[in-house]
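Student: I would like a close look at the pockets of this protein and at the parts that line them. Please take me through them in one connected account.

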Amino acid sequence: MSDCLFCKIIAGEIPSYKIYEDDRFIAILNRFPAVQGSVLLLTKSHAENIFGVCEQELKELMPLAKKIAEKMQKTLRPDGINFLQNNGKTAGQEIFHYHLHIIPRFEGDSVKMSFPSTDPPHEQFLEIQEKLKL
């Protein structure tokens, strides 16, 4: 896609801090990280979100993400690691090319990932459960 920022990075039209590349994926340091050392794992084939990524790529993606996280754990020594993947504007997606954030977390960093908890009634759980059963 000619106007996609990540496609331009993959094509070498925009410089990046590449930490990994093969025929299907590229991993780069996030240029505007919330936490230093954050990595973006991108599919080379353009897919707007997870729903456009082929099954084979998805099968290969998580083992690669794990390898990146293991290297991150060994070298940066974070207190934790977040894996974050957004689909759609409402979910926080800003660049519409599939990517997985791998974020090292350090005690006292400024990143806040919190979700309000609710206590839905039993009937509501049953209704949603029925809708989501595979």
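Tutor: What follows goes from the pockets to a strand and then to a single histidine. The model is a predicted one, in which local features need pLDDT of at least 70 and side-chain atom pairs count only at pLDDT 80 or more, while totals for chains, interfaces and linings use all residues. Residues are numbered from 1 along each chain as its sequence is written, and side-chain values use heavy atoms, with hydrogens and water left out.

A pocket here is an open set of points on a 1 Å grid over the protein atoms alone, where a 1.4 Å probe fits, with protein on both sides within 12 Å along at least five of seven lines; lining residues have an atom within 4 Å of a point. The volume is the space filled by probe spheres set on the points, which are joined across faces, edges and corners. The largest pocket has a volume of about 620 Å³, and 28 residues line it, with N30, F32, L40, E94 and H101 lying nearest its centre. Two or more lining residues come from each of α1 (5–10), β2 (25–29) and β5 (99–105), where helices (H or I, at least four residues) and strands (E, at least two) are DSSP runs numbered from the N terminus. By class the lining holds 18 nonpolar, eight polar and two charged residues, with Ala, Val, Leu, Ile, Met, Phe, Trp, Tyr, Cys and Pro counted as nonpolar, Asp, Glu, Lys and Arg as charged, and the others, Gly among them, as polar.

The second largest pocket, of about 180 Å³, has I19, Y20, L29 and V39 among its lining residues, and α2 gives the most to that lining, with seven residues.

Strand β2 is mostly covered, since four of its five residues are buried, that is, under 20% relative accessible area. Pairing requires at least two bridges found by DSSP; β2 pairs in the antiparallel sense with β1 over three bridges and with β3 (residues 39–43) over five, where A27 stands opposite L41.

In strand β5 lies H99, which is buried, with a relative accessible area of 8%. Its side chain has a polar atom 2.7 Å from the backbone oxygen of H97 and makes a polar contact (N or O atoms within 3.5 Å, one able to donate a hydrogen and the other to accept it; residues adjacent in sequence count only if both atoms are side-chain atoms) with the side chain of H101, at 3.4 Å. Leaving aside neighbours within four places in sequence, H99 is in contact (heavy atoms within 4.5 Å) with F6, L40, L41, L42, L84 and Q85.

Note on methods: Buried < 20%, exposed > 50% of the residue type's maximum accessible area, 1.4 Å probe, protein only.
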